[in-house]
Protein chains: 2
Amino acid sequence: MQIGEISQRCGITVRMLRFYEAEGLLQPHRTGSGYRDYSEADLEEAKRIKQLADAGLTVEAMHDLLPCIISPKPTFHPCDRLRARLEGEVAKLDQRLADMERSRSQIVGYLADLPVDTLVPMSQD
Amino acid sequence: MQIGEISQRCGITVRMLRFYEAEGLLQPHRTGSGYRDYSEADLEEAKRIKQLADAGLTVEAMHDLLPCIISPKPTFHPCDRLRARLEGEVAKLDQRLADMERSRSQIVGYLADLPVDTLVPMSQD
DNA sequence: TTTGACCCTAACAACGCTGTCAGGGTGCAT
DNA sequence: ATGCACCCTGACAGCGTTGTTAGGGTCAAA
């Protein structure tokens, strides 16, 4: 199938399909005229990529992961590096989550201190 | 004081002080020779900026916020736009937090399904 | 054969900072 | 007057995508 069709079927934009390919993921066959020609297997792989992307993984991470993933469920091949990688991703996410939580409570704190416009007379001007 | 000193005192790099200035925040006086000359008031403002930056706010958000903030605690001037802005920031953070939580549990789910290397024989090669 | 939908590559722009480098002044001390 | 620490501006690089545009082929249908 052509890129437009697989795009619709897996939910990845044409732009991103080409981008992933340039990054070394999902390289389809080409027709004589240079058109990308995706197989059903490519479609399954594309769906997996979409899952990982939605999970917030970078292309670089997917690079390590995809060779180990065999089912769209996904199930994995035995692969210690994969486990380490995933654990690393979780750790990174946890770090960012903690940072954002801190930001959030900071701002919420600001809001709590915020006087209400209509009740507070202008004091400084 | 010069930029190097205020940098050390507020914890913002020299680079970022200049950047914030270019963005319209914190514009210090200049000496005859063009050196930035920061006042104590500038230092207080810089500290507020640092707080907001640490809270994850963008320069654009600070732009709206800073005119309303008068104390480094921070306390705010009455300012409805400010409240709306902060609430918007919280909403944005909540959105991102939710996304990341979803990513996290997705990956954790992957990990749970991951077979252990040493127990599973190589099947594919 | 001409239209129109589709495909191709290449490359620039943007997000929001942040570092770094180049090329050049300023100011104080020796 | 020489050095050294500090300052200045401007601009490029990088993060990891994602959109968009430009300039150009391909293919099937009317």
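Here are a few friendly notes on how the protein meets DNA strand C and on the confidence in chain A.

1. Ground rules: this is a predicted model, with local features needing pLDDT of at least 70, side-chain atom pairs counted only at pLDDT 80 or more, and totals for chains, interfaces and linings using all residues. Residues are numbered from 1 along each chain as its sequence is written, chains are lettered from A and ligands numbered from 1 in the order written, and side-chain values use heavy atoms, leaving out hydrogens and water.

2. DNA strand C is surrounded by 17 residues, and Gly4(A), Arg18(A), Arg36(A), Tyr35(B) and Val59(B) are the closest; near means a heavy atom within 4 Å. By class, the surface has seven nonpolar, six polar and four charged residues (nonpolar: Ala, Val, Leu, Ile, Met, Phe, Trp, Tyr, Cys, Pro; charged: Asp, Glu, Lys, Arg; polar: the others, including Gly).

3. Sugar or phosphate accounts for 67% of the strand C atoms within 4 Å of the protein, and bases for the rest. Phosphate oxygens of the strand lie 2.4 Å from a side-chain N or O atom of Arg18(A) and 2.5 Å from a backbone N or O atom of Gly4(A). Helix H1 (3-10) of chain A and helix H2 (14-22) of chain B each give two or more residues to this surface (helices are DSSP runs of H or I, at least four residues), and H2(B) gives the most, three.

4. Chain A has a mean pLDDT of 82, with 82% of its residues at 70 or more; pLDDT is the predictor's confidence in each residue, from 0 to 100. Over residues 118-125 of chain A, pLDDT is below 50. Where pLDDT is low, predicted coordinates should not be read in detail.

Definitions and conventions. A polar contact is a pair of N or O atoms within 3.5 Å; within protein, one must be able to donate a hydrogen and the other to accept it, and residues adjacent in sequence count only if both atoms are side-chain atoms. Contact means heavy atoms within 4.5 Å.
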